[in-house]
Amino acid sequence: MFPETIAVAMSGGVDSSTVAAMLRAEGHNVIGLTMQLWNQRRLAGHEGMPESVQGRCCSLDDVYDARRVAETIGIPYYVVNHEERFEREVVRPFVEEYLSGRTPIPCSLCNNHLKFDQLLIVARQIGAEKVATGHYAQVAWSEQNSRWLLKRPADKAKDQTYFLFGLTQEQLSRTLFPLGGMTKPEVRELARKHGLVIAEKPDSQEICFVPGGDYKAFLDAYLSEQGSALPDAAGEMVTSDGRVLGEHSGVHNFTVGQRKGLGVATGSPLYVIQIKNETRQVVVGKDEQLYSRTLRARRVNLISVAKLPGPMRVAVKIRHKHQPAPAVIESEGPDQVLVTFDDPQRAISPGQAAVFYDGDVVVGGGWIESSS
Amino acid sequence: MQRVYFDNNATTPVLPEVFEAMRPYFGEHFGNASSIHHHGQETRAAVEHARESVAQLLGCRASEVVFTSGGTEADNLAIFGLAQPGDHVITSTIEHHAVLNGAKHLEEKGCEVTYVPVDGRGLVDPDDVRRALRPNTKLVTIMMANNETGVVQPVEEIGKVAAEADVHFHTDAVQAAGKIPIDVNQIGCDLLTISGHKLHAPQGVGTLYVRKGTRLEPMLYGGRHERSRRAGTENVPGIVGLGKAAELASVGLRRGDDTKMAAMRDRLERELLAIESSGVNGAAASSHPTRVPNTTNIYFDGIEGEALVIALDLKGLAVSTGAACSSGAIEPSHVLTAMGLRPEQARSSIRFSLGKQNTAAEVEFAIGLVPETVARLRELSPVYQRAATSR
């Protein structure tokens with residue numbers, strides 16, 4: 001293997017730091033880049049928002065950690081500012097999706113529009129051929145398909161392919177996931193071996209710009225900063241046959257499958273089974289009404305195949321922690337796919353992604369539009 | 001790898017002569033300049049000698065030189081030492097943040113502040129300053145040379161406006177010192193800031209010139225150092241370094257070093273302007289009033305300045321997108337946008353600033369490197385490619 005010039009997207013965490021150290025040890029010409037995406041102090045002082053956020057992506061602490069790691073392993077390191085694009089491509093869509101009663105996943109948007117788009121452009125502009133990240137996933141060239149493949153990692157518990165379904169062939173051809181064959185404990189061990197200060201740093205789990213995972217407080221604070229407020233999205237709480245049970249405070253307060261905090265009492269447990277944004281109705285019902293056999297996905301990106309030749313048997317994952325379920329996918333026009341599960345699936349939420357797997361190989365994925 | 005440093009408006013390397021002058025004051029000459037004994041007398045003499053050298057560079061008396069920790073402290077001392085709640089202060093939209101954020105804080109403290117604009121060349125109009133005057137105007141603070149564009153402001157005219165109105169005039173001359181002649185009497189200022197590390201002295205030392213009779217409220221309270229205008233034991237090695245650097249700057253200006261510097265800068269600028277869709281931000285170097293001889297700020301349409309700075313750094317050339325203090329900032333340069341540049345044009349701008357240590361060969365190195373780097377960035381820039389195909 002000859003040395004390549006590789007930009008590593010460094011967040012200051014264990015995974016990406018270890019990637020940088022590994023590639024450096026392999027003799028590559030490594031450039032560390034941190035994307036400054038969000039000012040964690042921006043909403044400080046708004047109700048429900050902490051004064052300062054530590055140990056979070058884009059906090060000063062994380063940039064400090066990434067810089068220390070770069071210094072330890074002896075690579076050039078730079079911070080590139082993409083706050084404006086992040087707000088446009090990730091934060092605003094996130095807010096709009098919630099306001100229209102959907103359950104968005106900003107990490108995929110960030111991967112599609114920032115990490116594997118803008119960062120790749122900057123990386124190539126500054127002379128790198130490839131971008132490496134600390135994602136748990138694998139990328140490989142398939143002679144058979146003449147395509148770049150995205151595959152699940154060795155550590156299935158850390159699998160992040162669900163958030164990477166939007167990667168194009170061009171992006172995959174320039175992407176490295178060096179942790180794809182490793183487990184998290186192995187990564188930490190390697191970080192220790194390289195003497196990285198962040199070896200024991202806890203994993204981050206939450207959405208990077210939403211402190212404490214409290215997205216309602218975030219929506220409130222962000223909208224008030226923008227000089228607006230949560231729109232009045234109050235409406236009726238209804239059953240699936242149209243019976244009005246009461247009022248609700250706003251569609252953004254609910255997600256499909258939610259049981260707690262519905263504010264209505266009946267004999268048997270009730271769940272949100274649908275959110276109708278047009279009529280602002282939140283439809284509630286029994287657990288069994290949460291199950292759907294089909295879903296429609298839009299803005300589909302296919303990876304292992306150029307197009308779907310006909311019905312294809314796959315396993316489909318409908319949220320990050322979902323066990324992929326057997327299903328058949330078929331094309332319904334350009335970048336639109338119909339998914340039919342063998343067994344009905346619980347709480348299919350519009351706004352989330354549906355990602356199609358053939359064993360460990362990601363066939364593709366799209367954004368859930370509706371289910372029935 | 002060959003490394004060329006063209007970011008001298010951010011900071012300059014300490015010249016070997018300056019370092020040699022400082023060296024004894026870290027070791028054998030260690031005394032506290034306020035002490036009665038031999039050791040104190042030794043360092044007191046060194047501090048006062050440095051004060052004379054700085055006074056000579058500025059055309060003032062030694063007693064009017066107050067040593068500070070740097071440019072920011074000197075600017076703050078001038079502003080907060082004079083303006084009281086209820087006073088009106090006039091400044092410009094293109095000041096360094098040491099003045100601009102000071103002015104903003106004054107507003108919070110109950111002062112009124114007028115920010116006069118600049119034209120497309122980055123120049124303040126003295127008539128705007130005159131029109132901004134009010135009965136309660138206490139201070140006019142307008143920089144002598146801008147850190148991002150190098151454009152030299154009409155400080156003498158502004159000084160006259162201030163003098164006619166009997167208003168104090170402060171000028172931040174951090175980017176002018178050592179590059180162009182400074183004479184506080186010609187400028188007619190009461191206060192003037194310089195910073196050591198912008199003229200080949202170390203970081204952490206600066207000067208506020210305070211005209212005799214100007215009553216300043218100190219910011220630091222303590223001993224009677226610096227005639228009670230700035231308490232705190234003197235940074236003797238730093239002050240000695242600043243003195244030596246000032247001495248060398250005076251000699252250099254008499255010798256015509258500024259003309260030589262301008263010739264190098266002009267060659268660099270001419271060659272870089274040969275790059276398609278580029279241009280200089282700020283008054284032309286040959287016009288009058290002019291630019292300091294070491295600075296050129298150039299936009300390259302369709303690129304992100306941040307990426308160009310990184311790409312050049314990886315090839316050994318150090319430049320910047322503007323003020324070092326704003327690195328990583330999301331906002332485009334306040335100086336360039338005040339001059340009327342669109343945000344994306346401001347973001348496509350790069351500052352090249354030369355220093356005494358730079359050579360003609362280094363200029364050639366940059367001339368060889370920048371065009372190909374800009375070309376690669378543009379090749380990979382979706383924005384530039386879109387614009388190119390629509391032309």
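In this predicted model, helix 2 (residues 38-58) and helix 8 (residues 236-255) of chain B pack against each other at an angle of about 35°, and their axes lie 8 Å apart. Such a pair of packed helices is described by the angle between the axes and the distance between them. The crossing of helix 2 and helix 8 of chain B is left-handed. On the side of helix 2 of chain B, the contact is made by residues that include B:Thr43, B:Ala46, B:Val47, B:Ala50 and B:Val54. Helix 8 of chain B contributes, among others, B:Val236, B:Ile239, B:Val240, B:Gly243 and B:Ala246. Sorted by class, the residues of this contact are 11 nonpolar, 6 polar and 1 charged.

The loop between strand 8 (206-210) and helix 8 of chain B holds B:Leu220. How buried or exposed is B:Leu220? B:Leu220 has 15 other C-beta atoms within 10 Å, and counts as partly exposed because a buried residue needs 20 or more and an exposed one has 12 or fewer. Leaving aside residues up to four places away in sequence, B:Leu220 touches B:Arg230, B:Ala231 and B:Gly232. With B:Ala231, which is 11 residues away along the chain, the C-alpha separation is 5.6 Å.

Strand 8 of chain B also leads to strand 7 (residues 191-195) of chain B, as 5 bridges join the two strands in antiparallel fashion. One of the matched pairs is B:Leu191 with B:Val210 in strand 8 of chain B. Strand 7 of chain B also pairs with strand 6 of chain B, here in the parallel sense and over 3 bridges. In that pairing, B:Thr171 has B:Leu192 of strand 7 of chain B as its bridge partner.

Strand 7 of chain B is mostly covered, with 5 of its 5 residues buried. In a regular strand, side chains alternate between the two faces of the sheet. From strand 7 of chain B, B:Leu191, B:Thr193 and B:Ser195 point one way, while B:Leu192 and B:Ile194 point the other way. The residues on both sides of this strand are all buried.

Strand 6 (168-172) of chain B is also one of the elements against which the buried residues of helix 4 of chain B pack. The others are helix 3 (71-82), strand 3 (88-92), strand 4 (112-116) and strand 5 (137-141) of chain B. The buried residues of helix 4 of chain B are B:Ala98, B:Val99, B:Leu100, B:Gly102, B:Ala103 and B:Leu106. The length of this helix can be checked: at 1.5 Å a residue, the 12 residues of helix 4 (residues 97-108) of chain B should span 16 Å, and the end C-alpha atoms are 16 Å apart, which agrees. Just after helix 4 of chain B comes B:Gly110, with a positive phi of about 100°.

Chain B also has an open sheet of 3 strands, in the order 9-10-12 and with antiparallel pairing. Its edges are strand 9 (278-280) and strand 12 (349-353) of chain B, each paired on one side only. On average, neighbouring strands of this sheet are turned by 25° against each other, direction ignored. Strand 10 (residues 295-300) of chain B is joined to strand 12 of chain B by 5 bridges, and B:Asn297 stands opposite B:Arg351 in strand 12 of chain B. Helix 9 (residues 257-273) of chain B packs on this sheet and touches strand 9, strand 10 and strand 12 of chain B. The direction of helix 9 makes about 150° with that of strand 9 of chain B.

In chain A, strand 16 (residues 353-358) has 5 of its 6 residues buried, so this strand is largely enclosed by the rest of the structure. Strand 16 of chain A pairs with strand 13 (residues 312-317) of chain A in the antiparallel sense over 3 bridges. There, the bridge partner of A:Lys317 is A:Val355. Strand 16 of chain A also pairs antiparallel with strand 17 (residues 361-371) of chain A, over 6 bridges, and A:Tyr357 has A:Val362 as its bridge partner. The hairpin of strands 16 and 17 of chain A has 2 residues between the strands, and A:Gly359 in this hairpin takes a positive phi near 65°.

The two chains meet in a contact that takes 15 residues from chain A and 10 residues from chain B. Strand 2 (29-36), strand 3 (77-81), helix 3 (83-99) and helix 4 (106-125) of chain A each supply at least two residues of the chain A side. That side divides into 8 nonpolar, 4 polar and 3 charged residues.

Definitions and conventions. Residues are numbered from 1 along each chain as its sequence is written. Chains are lettered from A and ligands numbered from 1 in the order in which they are written. This is a predicted model: local features need pLDDT of at least 70, side-chain atom pairs count only at pLDDT 80 or more; totals for chains, interfaces and linings use all residues. Two residues are in contact if their C-beta atoms, placed from the backbone, lie within 7 Å. Helices (H or I, at least four residues) and strands (E, at least two) are DSSP runs, numbered from the N terminus. Ala, Val, Leu, Ile, Met, Phe, Trp, Tyr, Cys and Pro count as nonpolar, Asp, Glu, Lys and Arg as charged, and the others, Gly among them, as polar. Two strands pair if DSSP finds at least two bridges between them. Axes are lines fitted to C-alpha atoms, for helices over the stretch in contact, and angles run from 0 to 180 degrees between N-to-C directions. A crossing is left-handed if the near helix is turned anticlockwise from the far one by less than a right angle, and right-handed if clockwise. The expected span of a helix is 1.5 Å times one less than its number of residues.
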